[in-house]
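Me: I have a structure open that I have never looked at before, and I would like to go through it with you. Could you take me around it slowly?

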Amino acid sequence: MAVDSVTVIIPHYNRPDFVRAALMSIHGQTVKPAEILLIDDGSTPENQEKLKKLSDLATILITPRNMGVSKARNFGAQNAKSEWLAFLDDDDIWLPDKQKRQIRYLEAHPELKALGGGATIKTSDGREEYWGEKPTYRITLAHALCHTASMSPSLLIRRDVFLELGGFDSSLHHMEDYEFGIRLLASGHETHFLGEPLFVYNRGGRQQASVQWPRMFRSEMKVLNMHAALARKEFGPLGLIRLKARCCKRYGLRMGKLAGRSIWAWGCTLEAIFGRRLAGIDV
C-alpha cells in the first residue's frame, strides 16, 4: 500500500514564537508531506497578525472561536485533503526522518490503519530521555488501556478511520491521545508502535509538571471511567479497580507532597485488597 499523501495538523493558540520551529521541522523532513495545516484556535488579533508571517510555511485556518486543542485538531482533520493524517503540537518538533520511517513501515505492512511511535522527552534543564517501548510491536486493546498507544505527534493514521472514530474527545483537556488510542484499538483497526523516537517533546515549554500531574491524573481516571466496560472485558471483573490502583500509584509518586503520597497510598491499598495482576501486561 502506497502512502501517497499526508496532511500535518498543528493546533495553535497564542504562541507564535514557538510554532516556527515546529513548522521548520516539517519542512526539513526527508519525505515532505502533501499539506500542512496550522489551525489557529482563536488567538488574539495581534498574535493572528504575527502568524501571517508564517503563511509561506503552512495553510493557516482560523477556528470560529477558541475550541480547545482536541476540537482544533478535529477541525483540521475535517478540512484536510490527504488520505493520511499526522499531528504536531506547536512547541514540539519532528525528527528529520520521522515521515520517511513511518511511511516505509506502513508500505511494508499494508494492513495497518494507524502507526504510532516513541518520543524524545526534553526537560527544561536540557536532559533528554526516551518515551515509549523499545521493541516495535502490534498494540492490543489491553496495552492501550494501560499505556498511551501513541502520543499525537507520532501518530500517523488514515483520515477516514480518524473521522469514523470521531477524532479526539473534546471533553478532555489532558490524556486525549490516551483515550483516542483506546477507541482506536477497540474498533478493531490494527495499529503498531514503532519503537524509536520520532519527535522531540519539549516539556520545558509547557506548564510545570507539578501543575500538570494532578490534571493528568484526573483526566486518566476520567478516561478509565469512560471505558470501564472495556477494562472489565480485558482484565476481568476487577480490571477497572486494578487499573485505577496503578494510576494512583504512578501519579502519586510524580505529584509528591502530602496529596501525592495520599494518592499513592490509596493505590497501594487497592492493590493489597484486589491484587495488581493485569493479564499479559507488564505493570
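Me: Let's start somewhere small: where is M175 found?
Reply: M175 is found in the loop between α6 and α7. Please keep in mind as we go that this is a predicted model.

Me: And is M175 buried or exposed?
Reply: M175 counts as buried, since its relative accessibility is 10% and buried means under 20%. Its backbone is worth a look too, because M175 has a positive phi of about 65 degrees although it is not a glycine.

Me: Which other residue that is not a glycine has a positive phi, of about 60 degrees?
Reply: That is N14, with a positive phi of about 60 degrees, and its place is in the loop between β1 and α1. N14 counts as partly exposed, at 24% relative accessibility.

Me: Back to α7, then. How many of its residues are buried?
Reply: Helix α7, which runs over residues 176-186, is mostly covered, with 10 of its 11 residues buried. Among them are the charged-looking names you may have spotted, E176, D177, E179 and R183, along with Y178 and F180. After the helix comes G188, whose phi is positive, near 95 degrees.

Me: What does R183 touch?
Reply: Leaving aside its neighbours within four places in sequence, R183 is in contact with L165, G167, F168, D169 and H227. R183 has a relative accessible area of 19% and is buried, the cut-off for that word being under 20%.

Me: Which helix is S70 in, and what does S70 touch?
Reply: S70 has its place in helix α3, residues 69-79. Not counting residues up to four places away in sequence, S70 touches F168, D169, S170, L172 and E176, so F168 and D169 turn up both here and in the list for R183. S70 is buried as well, with a relative accessible area of 3%.

Me: What covers the buried residues of α3?
Reply: The cover includes the strands β1 (6-12), β2 (35-40), β3 (59-62) and β4 (84-87), together with the helices α6 (159-164) and α7. The buried residues of α3 themselves are S70, A72, R73, N74, F75, G76 and A77.

Me: Changing topic: how many cavities of 30 Å³ or more does the structure hold?
Reply: It holds 1 cavity of 30 Å³ or more, and the largest cavity has a volume of about 60 Å³.

Me: Which element gives the largest share of its lining?
Reply: The largest share of the lining comes from α7, with 4 residues. The full lining is made of G116, I139, A149, S150, L155, F168, D177, F180, G181, L184 and T191, and by class that comes to 6 nonpolar, 4 polar and 1 charged residues. F168, which we met as a contact of S70 and of R183, is one of the lining residues.

Me: How many disulfides are there?
Reply: A search of the whole structure finds 0 disulfides.

Me: Why is there no bond between C247 and C248?
Reply: The sulfur of C247 is 5.9 Å from the closest cysteine sulfur, which is in C248, and that is too far for a bond, because a disulfide needs the two sulfur atoms within 2.5 Å. C247 is buried, with a relative accessible area of 0%, and C248 is buried too, at 4%.

Me: What about D17, is it buried or exposed?
Reply: D17 counts as exposed, at 68% relative accessibility, and its place is in helix α1, residues 16-27. D17 and T7 are 10 residues apart in sequence, yet 23 Å apart in space from C-alpha to C-alpha.

Me: Last one, zooming out: what does the chain as a whole look like?
Reply: The secondary structure of the protein chain comes to 11 helices and 10 strands, and the C-alpha trace spans about 60 × 45 × 35 Å along its principal axes. With 283 residues, a compact globule would have a radius of gyration near 19 Å, and the chain agrees with that at 19 Å. Buried residues make up 53% of the chain. Among contacts between residues at least 6 apart in sequence, 77% join residues at least 24 apart.

Conventions:
Residues numbered from 1 in each chain as written. Predicted model: local features only at pLDDT ≥ 70, side-chain atom pairs only at ≥ 80, totals over all residues. Heavy atoms only, no water. Buried < 20%, exposed > 50% of the residue type's maximum accessible area, 1.4 Å probe, protein only. Helix = DSSP H or I, 4+ residues; strand = E, 2+ residues; numbered from the N terminus. Contact = heavy atoms within 4.5 Å. 1 Å grid on protein atoms, 1.4 Å probe; cavity = no way out; pocket = protein on both sides within 12 Å on 5 of 7 lines; lining within 4 Å. Points joined across faces, edges and corners; volume = space filled by probe spheres on them. Nonpolar A, V, L, I, M, F, W, Y, C, P; charged D, E, K, R; others polar. Rg over C-alpha atoms; globule rule 2.2 N^0.38 Å.
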